[in-house]
Amino acid sequence: MTHASLLRRITDFSSRADPYPLYEELRRTPVLHEEEGGPYVISSYYDILGLLHDPRISSDATNLIAPGADELSDPEATGLPPSFIRLDPPEHDRLRRIANGSFGPPHRPRRIDSMRGELRRIVTELIDGIGDARRIDLVDQFAYPFPVTVICRLLGVPREDEPRFRAWVDPIVAALDPESRDNPEAPVQRAAQEARVQLGMYLAGLVEQRTREPREDMLSDLVVSHGPDGSMSMMEVLSTAVLLLIAGHETTVNLITNGMLTLLRHPVHLERLREDPGVAANIVEELLRYEPPVQLVPQRTCITDIELRGVTIPKGSRIWLVLAAGNRDPERFKDPDRFDPDREDLQHLGFGSGIHSCFGAPLARVETQIALVELARRLDNPRLVEDPPPYRENAVLRGPRHLNLDIDGVR
Ligand code: HEM
């Protein structure tokens, strides 16, 4: 296998169902650069971790020498100013701190804790909705509607508006898939553009309302925050709201779906979870290592020349950090291809690391734990209809498009 094919194989759909043998090959060339103007691909755990903490690496795309049409760039494409995931300090830190003031810092996730009951209610309603069906698509019927309902409640979207809100979010998320992104004339892209405008106007109205009459929700906190960093401007609130929506959506869908798929392939652990919900936390951490929804972080640029393993990465180059390859690096994890929730040391890269490490991690963890516990408890004798299931095109946000299960009913 020549090197030239490795970069292509990362994005190639045929790698999607099982990309891990490819990542093993990638790790043999820890700094892979195959194409003029193309990315430097980093796949070893310690290199990725180092770069995620390196201030010479920027998340701001304007530092790129050759921005060009990169099929993995700009997954948000909202037309709004960049949100904090695409900014460097000090702007990144200011906006993230304001957002954190509402969300609760990782060691004190107050809003998330207070949402547990609400999350359980949403999950219960979705599972009740399965009714007498004997075949279900876990993606469409459960994993997809769950996180978007949660984000609505978190931001403070009134319940009666949720269906409208979801009708805008669905086409926006559908258009993130690279398959349709290349063609701005595709109906999916046109629908997404229209939905973005509608969603933007709707959110702007809501923000205005919350500025006048703040409530107990995150939008209100963002506009009336009185900490040392002040509050966000209207445009900053809009960018942040859309970021939370997109960043918290496809990722959580895929973690829940990858989770159920992995448990069905390892029925011993599904059985354990059914008997002891206390193992959910470890199962979810191991899933974030073993089948991470964000396979790679493609939005990084060197702001100066960088030496890594004898290779000089020139200023302005794009860097791809293949988190999912680092998570299976045998230099870091013993027996890395084994799904083992009993590992003592689970410092995975599934939520990234450093200043941009996942802001929504406390929420994503609780959502997925509750979802898997309830699915294990309530689905009677679930079986995979096809293995592997059909996957989404997306190489960055990887997960099944459908996960069809046969069940004997709902308990
Ligand atoms: C950042 C993964 C759920 C909000 C990130 C990053 C990763 C990640 C890998 C780092 C990106 C980078 O370094 O450029 C995940 C996974 C999730 C998940 C696997 C679910 C299983 C969520 C949720 C929310 C969220 C539920 C919001 C409610 C964010 C935000 C950032 C981020 C705002 C940017 C942080 C910053 O730039 O400081 N996420 N995420 N994520 N995530 Fe998540």
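Two strands are taken to pair if DSSP finds at least two bridges between them, and in this structure β2 and β8 pair in the parallel sense over 3 bridges. Helices (H or I, at least four residues) and strands (E, at least two) are DSSP runs, numbered from the N terminus. The model is predicted, and for that reason local features need pLDDT of at least 70 and side-chain atom pairs count only at pLDDT 80 or more, whereas totals for chains, interfaces and linings use all residues. Residues are numbered from 1 along each chain as its sequence is written.

The pairing of β2 and β8 belongs to an open sheet of 5 strands, which follow one another in the order β1-β2-β8-β5-β3 with mixed pairing. The edges of this sheet are taken by β1 (31-32) and β3 (57-58), each of which has a single partner strand, so one side of each is left without a neighbour in the sheet. In general, strands of a sheet pair through backbone hydrogen bonds, either parallel or antiparallel. Beginning at the β1 edge, β1 runs antiparallel to β2 (residues 40-42) and is joined to that strand by 2 bridges, with L32 having V41 of β2 as its bridge partner. In the parallel pair of β2 and β8, the bridge partner of I42 is L321 in β8. L321 is also the bridge partner of V297, and β5 and β8 pair in the antiparallel sense over 3 bridges. At the other edge, β3 and β5 run antiparallel and are joined by 2 bridges, where I57 stands opposite C302 in β5.

The surroundings of these strands can be described through burial, for which a residue is called buried if 20 or more other C-beta atoms lie within 10 Å of its own, exposed if 12 or fewer, and partly exposed in between, the C-beta atoms being placed from the backbone. On β8 both faces are covered, since R318 and W320 on one side and I319 and L321 on the other are all buried. For β5, 6 of its 6 residues are buried. Helix α3 (residues 45-52) lies across β2, β3 and β8 (318-321), and the helix runs at about 125 degrees to β8; here axes are lines fitted to C-alpha atoms, for helices over the stretch in contact, and angles run from 0 to 180 degrees between N-to-C directions. Two residues are in contact if their C-beta atoms, placed from the backbone, lie within 7 Å.

Helix α15 (residues 267-275) has two sides that can be told apart by burial. H269, L270, R272 and L273 are buried, and, seen down the axis of α15, the buried residues fall within an arc of 160 degrees, so they line one face of the helix; the arc is that of the directions from the helix axis to the C-beta atoms. The cover over these buried residues includes α14, α16 (280-290) and α18, while P267, V268, E271 and E275 are exposed on the other side of α15.

Around the ligand there are 25 residues, of which G248, T251, G352, C358 and G360 come nearest, a residue being near a molecule if its C-beta atom, placed from the backbone, lies within 6 Å of it. Elements that give two or more residues to this shell are α13 (234-247), α14 (250-265), β5 (297-302) and α18 (361-378). The shell divides into 15 nonpolar, 9 polar and 1 charged residues, where Ala, Val, Leu, Ile, Met, Phe, Trp, Tyr, Cys and Pro count as nonpolar, Asp, Glu, Lys and Arg as charged, and the others, Gly among them, as polar.

Several loops carry backbone features that deserve mention. A cis peptide bond, with omega of about 0 degrees, joins P89 and P90, and P90 is placed in the loop between β3 and α4 (91-103). The peptide bond from D387 to P388 is also cis, with omega near 0 degrees, and P388 is found in the loop between β10 (383-384) and β11 (404-406). R309, which is not a glycine, has a positive phi of about 50 degrees; R309 is placed in the loop between β6 (306-308) and β7 (311-313) and counts as exposed, with 10 C-beta neighbours inside 10 Å. D335, a residue other than glycine, has a positive phi near 50 degrees; D335 is placed in the loop between α17 (323-326) and α18 and counts as exposed, with 8 C-beta neighbours inside 10 Å.
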